[in-house]
Amino acid sequence: MNTFIKFTAYIFILLGFCGCNSGIFIDDFEPSVSELTLDGNGDEAVIRFSGSDWNILDIPVFEQNNIKVYDAAGNLINGQLYLDRLGKIVYNGTMVSFTIEGINSKEVKVAVDENVQVYPFQFLLIASNEYESREIHITISPSDRYVFDRITYSLNAYSYDEPVIEKANMRFDNSLASTEAIYHFFPYKNEYHNVMFKSDDPEAFRLLANSDLLIDIPTIEKGEMGMNGKKAQYVSQLQKLPLPFSDEEKKDVVVKPHTVSHIIGKVQYEWFETKYTLYATHPKTGKKRTITGMMQSSIPKNYNIKREDTKD
């Protein structure tokens with residue numbers, strides 16, 4: 001009987017402890033900060049928790065394809081987008097990269113590689129256990145722009161064409177005149193050397209510090225592509241560069257008296273497209289980056305004019 005009473009009393013005492021405060025055995029893990037702003041030029045910070053009663057670390061960012069998770073031994077965990085306390089989460093986007101590393105049960109380090117976007121990058125870091133969670137809002141400010149080093153082109157493998165475009169199509173009526181008339185055809189008037197850069201990543205055009213920088217571009221001379229001192233800006237917009245020859249050249253078309261002439265003028269262009277690789281260096285971190293894409297060039301090279309006469 002005494003044994004039963006003692007056992008029953010023990011059960012009631014244990015239930016009483018549990019009923020009075022269900023969280024009495026839970027070690028609170030309030031983080032040292034709820035918001036954190038880091039410099040995009042390689043900044044880092046350590047977040048300290050008041051307790052160790054958390055086991056999941058998660059960053060629910062949109063670009064999940066850019067996330068890799070490693071365990072404490074450095075092994076890649078396939079198919080997992082959260083961290084089991086220790087180990088690290090590596091976010092490696094095209095323009096933003098950083099690492100979240102669980103140092104121990106109470107400390108997490110956030111290390112920024114860079115943010116070469118022109119605007120801040122924000123994400124949410126969540127530490128949680130089975131019952132509750134804590135949020136830390138993290139902002140990475142834009143980093144400094146990269147400095148241009150050099151650019152190379154595929155000079156031996158490129159696409160080439162000589163398209164012909166109609167520039168003038170008119171009916172010249174000289175049927176009432178007894179003297180001849182002259183139509184002046186200016187084939188290169190309002191023509192330019194058109195240059196266009198395209199990148200595999202549109203954000204790449206914001207990478208460089210100097211958007212007005214002139215870089216070397218290839219041209220074709222005597223049927224061969226080479227670097228001949230021509231320059232253009234590395235921008236995503238179409239550039240209309242001056243022609244390397246006068247645009248005042250003209251062709252006079254004589255229309256006889258009492259004649260109606262149908263005049264068609266066409267211009268032939270030299271068009272090519274080639275691959276490029278641009279190399280740049282970050283002025284503070286020394287990190288190297290390469291940008292790849294295509295460069296297009298189009299310039300007028302010849303013209304012809306055709307006249308068909310009809311008597312009045």
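**Notebook: rings, strand β6 and the core**

I looked first for charges over rings and found that Arg-85 lies over the face of Trp-54, at 5.4 Å from the ring centre; a charge sits over a ring if NZ of Lys or CZ of Arg is within 6 Å of the ring centre and within 35 degrees of the ring normal. Arg-289 likewise lies over the face of Tyr-146, at 5.8 Å from the ring centre.

I note that this is a predicted model, in which local features need pLDDT of at least 70 and side-chain atom pairs count only at pLDDT 80 or more, while totals for chains, interfaces and linings use all residues. Residues are numbered from 1 along each chain as its sequence is written, and side-chain values use heavy atoms, with hydrogens and water left out.

Next I took strand β6 (residues 87-92), where strands are DSSP E runs of at least two residues, numbered from the N terminus. Gly-87, Ile-89 and Tyr-91 make up its covered face, and Lys-88, Val-90 and Asn-92 its uncovered one. In a regular strand the side chains alternate between the two faces of the sheet. I found β6 joined to strand β7 (residues 96-104) by six antiparallel bridges (two strands pair if DSSP finds at least two bridges between them), and the two form a hairpin with three residues between them. Val-90 has Thr-99 of β7 as its bridge partner. Strand β4 (residues 67-70) also pairs with β6, in the antiparallel sense over four bridges, and there Tyr-70 stands opposite Lys-88.

I then went through the aromatic pairs, for which ring centres of Phe, Tyr and Trp (its six-membered ring) must lie within 6.5 Å, with planes under 30 degrees apart called stacked, over 60 edge-to-face and the rest tilted; the count comes to 15. Phe-98 and Phe-121 form a tilted pair, 6.1 Å centre to centre with 50° between the planes, and this pair links strand β7 to strand β9 (residues 121-128), 23 residues apart. Phe-98 counts as buried at 2% relative accessibility, where buried means under 20% relative accessible area, exposed over 50% and partly exposed in between (1.4 Å probe, protein chains only). Ring pairs also link Tyr-91, Phe-98, Phe-121 and Phe-123 into a cluster.

Last, I checked the largest nonpolar core (buried Ala, Val, Leu, Ile, Met, Phe, Trp, Tyr and Cys residues joined through side-chain atoms within 4.5 Å), which has 52 residues, and those touching the most other members include Phe-98, Ile-100 and Phe-123. Ile-100 is in contact (heavy atoms within 4.5 Å) with residues including Ile-89 and Phe-123, neighbours within four places in sequence being left aside.
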